[in-house]
Amino acid sequence: MKIGVMSDTHGSLPYFEKALDLLKDCDVIFHIGDVLYHGPRNDLPEGYNPKGVIEKINNVDNILIARGNCDADVDQMVIKHPIQSPYVLTQFGEIRFLLNHGYLESKEEIIKKAKNMGADVLILGHTHVKELFIDDGLIVLNPGSTSIPKDGSHSVAIIDIIPIDDGHDELDLNIDLIDINTGEIIEL
């Protein structure tokens with residue numbers, strides 16, 4: 001199984017389209033919030049076109065969305081997929097994912113909640129900075145921002161869930177952060 005992860009599209013149609021193109025072979029896409037609006041602290045992203053993003057996202061059938069700080073009630077009126085808040089908890093096989101935009105609580109508090117909820121992978125957004133680390137067995141991922149990166153590269157992530165052929169029904173994860181403009185894997 002392949003999971004695509006994007007966050008902080010902020011209404012940028014060209015970067016949303018580039019992200020979708022990179023994630024087109026994924027079985028499901030996680031959007032970690034801030035879908036349409038750029039927010040008062042950010043400049044307008046390149047290709048700002050929330051109506052275009054609405055049309056595109058409504059044609060994606062395999063997406064789960066966590067609510068971000070720039071997502072408003074009116075956004076849910078035009079996006080056909082539930083914008084879930086504050087958490088999206090989902091499971092594929094034996095692997096439990098917790099999605100949270102990451103703005104209401106500190107990262108440490110969210111990590112503690114993820115562990116208490118039995119999550120294997122916590123996916124955050126909000127900072128526009130890519131992260132991938134393990135905290136006491138919990139994988140923590142931030143895919144960065146598709147449209148307004150604060151670390152130099154527009155990005156998404158792909159999570160491959162790979163069965164381990166050892167007769168024990170175990171799974172392994174391979175997580176790649178990908179530069180949207182070049183398609184290359186980003187090393188942290």
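**Exercise 1.** In this predicted model, state which elements are included in what covers the buried residues of α2, and name those buried residues.

*Solution.* The cover over the buried residues of α2 includes α1, β3 (63–66) and α3 (73–78). To find what lies beneath that cover, take the residues of α2 with under 20% relative accessible area; they are Gly52, Val53, Ile54, Ile57 and Asn58.

**Exercise 2.** Describe how α1 and α2 pack, giving the angle and the distance between their axes, and then name the residues that make the contact.

*Solution.* Begin with the two quantities that are needed, since two packed helices are described by the angle between their axes and the distance between the axes. For α1 and α2 the angle is about 20 degrees, and the axes are 9 Å apart. Angles under 35 degrees count as roughly parallel, and α1 and α2 are therefore roughly parallel to each other. On the side of α1 the contact is made by Leu13, Phe16, Glu17 and Leu20, while α2 contributes Gly52, Val53, Lys56 and Ile57.

**Exercise 3.** Histidine 10 and aspartate 136 each have a positive phi; locate each residue and decide whether it is buried or exposed.

*Solution.* As background, most residues other than glycine have a negative phi. Histidine 10 has a phi near 50 degrees, and its place is the loop between β1 (2–6) and α1 (13–22). Because its relative accessibility is 0%, histidine 10 counts as buried. Aspartate 136 also has a phi near 50 degrees, and this residue is found in the loop between β8 (131–135) and β9 (138–142). With a relative accessibility of 72%, aspartate 136 counts as exposed.

**Exercise 4.** Determine whether the peptide bond from serine 85 to proline 86 is cis or trans, and say where proline 86 lies.

*Solution.* The omega of the bond from serine 85 to proline 86 is near -5 degrees, and the bond is cis. For comparison, most peptide bonds are trans. Proline 86 itself lies in the loop that runs between β4 (83–84) and β5 (88–92).

**Exercise 5.** Name the residues that form a nonpolar surface patch with tyrosine 48, and work out how tyrosine 48 is classed by its accessible area.

*Solution.* The patch is formed by Tyr37, Leu44 and Tyr48, which together have about 290 Å² of accessible area. Tyrosine 48 belongs to the loop between β2 (28–31) and α2 (50–58). Its relative accessible area is 31%, so tyrosine 48 is partly exposed.

Definitions and conventions
Residues numbered from 1 in each chain as written. Predicted model: local features only at pLDDT ≥ 70, side-chain atom pairs only at ≥ 80, totals over all residues. Heavy atoms only, no water. Helix = DSSP H or I, 4+ residues; strand = E, 2+ residues; numbered from the N terminus. Buried < 20%, exposed > 50% of the residue type's maximum accessible area, 1.4 Å probe, protein only. Patch = residues over 30% accessible without salt bridge, like charges linked within 9 Å, V, L, I, M, F, W, Y side chains within 5 Å. Areas by Shrake-Rupley, 256 points an atom, 1.4 Å probe, with all protein chains shown as cover. Salt bridge = Lys/Arg side-chain N within 4 Å of Asp/Glu carboxyl O. Contact = heavy atoms within 4.5 Å. Axes fitted to C-alpha atoms, helices over the stretch in contact; angles between N-to-C directions. Parallel < 35°, antiparallel > 145°, perpendicular 65-115°, else oblique.
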